[in-house]
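These are my notebook entries from a session with the model, kept in the order in which I looked things up.

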Amino acid sequence: MKHISAIARRDYGAFFRSPIGFVVLAVYMFLNGIYYGGEITNGYSDISGQISSFEWVVFLLLIPLMTMRIFSEERKIGTEVLLLTSPASVWEIVLGKYAAVVGVFLTMVATSFLFPVLTLAFGGTVDAQAVGVYLGFVFLGAAYLAIGIFASALTENQVIAAIVSVATVVFLMLIQLFASLMGSVVTTVLGWVNVFGITDLQMSNISTAVSDGINWLNPMTRLDNFAKGIFELSPIVYFLSLAAIFLFLTVRVIEKRRWSQG
Amino acid sequence: MSRADGKKDMAKSKDTAKTPENEVPAQDVRAADAKVEAFYGEEPAAKPAKRPKVAVDRRARVLRTFSVGSTILFVAIVLVFNILFSSVLGDVLKWDSSQTATYTLDDTTKTIVQGLKDDIRIVGLFERASWPSIYQNYLSYYSVTNSGAQVGETPILLDSYAKLSGGRIAVEYVDPQKVPGIVKELDPDGLLSLSSASAGSYVVTDATTKKSKLVGISEMYAITADQSSYSYYNAGLTAEQAFSGAIQYVASTTTPVVYFVTGHGEAEYTTAYKEFANILKYNNFDTKTLDIRTVTQIPADAAMLAFLEPTIDISAVQRDMLFSYLKGGGRMFLLCGYNTTSYVQFNDLLTEFGIEITNDRVRESDEGLRYGGDPYTFIASVPTSAISTQSYQLILGAARRIAPVQTSVEWLETDKVLLTSAGGISEANGDANAPSEPGAQPLGMSAENSGWQTDKVKSAKVVVLGSSTLISDTALSMLGDYSLYNRQFMYYAMDWLTDASSNSLYIKAKSLPTYTLNAGGGTAFLVTQILVVAVIPLGLLVAAFLVFRRRRHM
């Protein structure tokens, strides 16, 4: 724990000792500002709608920007070896860096609390739905941060790390299309080889089950429910699981590199 | 390259390295020599030992296997955990966080759903994933200004029904384009006209009673107009009313009929009063038309007779027929806004109920209560009465005074159910130059006559309302938020008139969340805009630049 904390503190500080931390905050606040400014012109402020409306920009642009340098820069400048030969285990290193980047993300989210405060000051409403949307956003963001860290561990090139991170997030966002496509494929195939006399309705049910099964993996669909006024714990458990899987993969990647270096 | 060449190269590189500025310490050179010897061996040396290489390969293989195996195992464990969590606790650990409790079912619905004895099947005639686009298309059709897109998803509401029913209600989604047979299966006789049903429609069926009902998307949202901006908006969610009513309808073994009387220039309920007909449907009534000129008695299955804007009075024969019907515990609803018709025969009949339909037109003198500045369209009051346990306001127009007739018989109970403000004025025979003194003018009356009531015969009930625009589709589409109150009034009126569970069936329409800012204003908003769009982001960029400059020199 001591090691995790030390690494997290160091990396969190490093983030704001470079311009990137402030640039990320500036972009995030600008996006929020544009949306909020537009809304209050009409005497209106829906915080949950605000968060939901450009969360994809955060996931696709800001999170890769935040995570791309986490491991790849260490490799590039040669400090990874120092880190790996330090008393901290690989798990502690990964968790420390993850905690740092989650801290930066939470700082970013915290800056946007200005908008609910302004809304309340203007006599508006910040309801439970907005709180739910914030929580969903934070937990899915944490999952995507883990993906970004994994991508960063794969290569010493920050651009490639960012591209891998973006590609993975895009893939996860497009699962719904893939699920729908697979549902159609299943229907078509069953139609061709229908030796069991499956009815149209049964085929439709199988197709729906297949696409629902694939879409179950879609984080964005799960996040949507928060914006629709449903707060549920299973998506949060899923987002945490997604983060755990990618942190585990990150550890494995670093372990592999460590052993292969002899 | 031979091993001898290699040794020479190494020796050469050692010589090259011996420069003053990068001279290598002697012990390092000796260590390097030892490594070279170990690698190439002495000439002629034995082949390099393979043992260490084998050990490394084996270790790498073991590590690789462990790495892949542990990854697969970890992912599998996480996946299984998630599946179990979702299926066991997913529905339990789920809350309605919407501002207006959109997905929380009303107590009335809970009573209906938990009391189900039959299995109910609700089939959405579309793919569930396509709901958002169907909803948006529906709103686009009306150019609705407030979509409320983030709340009020009917599929989520129906999940609540399924969860509450404990397995009695099954909700499924079948696209008729992909499964054409579903139309025939759900509606074998073509009574529901499913082939022409609007996008987003559901069919509610009960296999035991063999009854089914179509619930269209227009029944799920109260789209109404904003008079100030001449645009349509979504005033609330009425999906729960529609589905609970449909479930109750299909699950009930008997279906009483409300007859809309024709033959006196009445409005057509299927085109001008669809909303009103829906209220009756939700209360488990079938609706039919009846031309009383062609019958000698009112059908026995008539739960109520409804006259919508008759422009011709009934005949004496028809009056007697109606009187017989009412004496037998019949129920009658009469909607007669202001027009030039005098209802002599109707009044003769209504004398038994202490009600008179006058020829007086009503206007509102209080300008604050006028709608759009029109003195003949105004906000009226619904006092507590037989049909309403609470008082509220609604909007109506083209109103006629419905007056109580003085009577002291104990078997008759009358109530004024609709009143103007104290500034109401009635114009005798519609003459604006013959106004009454300002006062609360009665615009609607209810009456219950128990004089003919026996063990087998119910009391007779009548409701007469003096405004046609109260519940017409055109009016409801123009009344904005007030349309919900007009609906509510009619719902309770029908509830009382038909003895439908003593007001227990009304499910309030759910309003959409409101995010209006109630304080601040032009300057405050402008300053805030500048702050959040320019000052804060620019401040952060300046900070980034300062950090960049400082780091550049490090």
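**Entry 1, a loop residue.** I began with Ile70(A), which I found in the loop between α4 (55–67) and α5 (72–77) of chain A, and I kept in mind that I was reading a predicted model. Is Ile70(A) buried or exposed? I noted 26 C-beta neighbours inside 10 Å, and because the cut-off for burial is 20 or more, Ile70(A) counts as buried. I then asked which residues Ile70(A) is in contact with, leaving aside its neighbours within four places in sequence, and I wrote down Lys97(A), Val101(A), Ile149(A) and Ser152(A). I also looked up Asp11(A), which is 59 residues from Ile70(A) in sequence, while the two C-alpha atoms are 8.3 Å apart in space.

**Entry 2, chain A as a whole.** Stepping back, I recorded 14 helices and one strand for chain A, and a C-alpha trace that spans about 65 × 60 × 30 Å along its principal axes. Of its 262 residues, 47% count as buried. Among the contacts in chain A with a separation of 6 or more, I noted that 81% are between residues 24 or more positions apart. The chain is divided into domain 1, which takes in 2–173 + 218–260, and domain 2, which covers 177–214; I put the distance between the two domain centres, taken over C-alpha atoms, at 37 Å.

**Entry 3, helix α8 of chain A.** I next asked which residues of α8 (residues 114–121) of chain A are buried, and the list was Phe115(A), Leu118(A) and Thr119(A). Seen down the axis of α8(A), these buried residues fall within an arc of 100°, so they line one face of the helix. I reminded myself that an α-helix has 3.6 residues a turn, so residues three or four places apart point the same way. What do the buried residues of α8(A) pack against? I found α2 (19–41) and α3 (47–53) of chain A, together with α15 (522–552) of chain B. Just after α8(A), I noted that Gly123(A) takes a positive phi of about 75°.

**Entry 4, where the chains meet.** Since α15(B) had turned up beside α8(A), I went on to the contact itself, which takes 54 residues from chain A and 51 residues from chain B. On the side of chain B that touches chain A, the elements giving two or more residues are α3 (51–89), β1 (94–96), α7 (181–186) and α15. Of these, α15(B) gives the most, with 14 residues. I sorted the residues of that side into 29 nonpolar, 17 polar and five charged. I then followed β1 (residues 230–232) of chain A, which three bridges join to β1(B), the two strands running antiparallel. Within that pairing, the bridge partner of Phe231(A) is Trp95(B).

**Entry 5, positive phi in chain B.** Most residues other than glycine have a negative phi, and I therefore wrote down two residues with a positive value. Phi of Ala398(B) is near 45°, and I placed Ala398(B) in the loop between β15 (392–397) and β16 (399–404) of chain B. With 19 other C-beta atoms within 10 Å, Ala398(B) is partly exposed. Phi of Asn429(B) is near 55°, and this residue sits in the loop between β18 (424–427) and β19 (442–449) of chain B. I counted 12 other C-beta atoms within 10 Å of Asn429(B), which is therefore exposed.

Note on methods
Residues are numbered from 1 along each chain as its sequence is written. Chains are lettered from A and ligands numbered from 1 in the order in which they are written. This is a predicted model: local features need pLDDT of at least 70, side-chain atom pairs count only at pLDDT 80 or more; totals for chains, interfaces and linings use all residues. Helices (H or I, at least four residues) and strands (E, at least two) are DSSP runs, numbered from the N terminus. The arc is that of the directions from the helix axis to the C-beta atoms. Two residues are in contact if their C-beta atoms, placed from the backbone, lie within 7 Å. Domain bounds come from an automatic or database domain assignment. Ala, Val, Leu, Ile, Met, Phe, Trp, Tyr, Cys and Pro count as nonpolar, Asp, Glu, Lys and Arg as charged, and the others, Gly among them, as polar. Two strands pair if DSSP finds at least two bridges between them.
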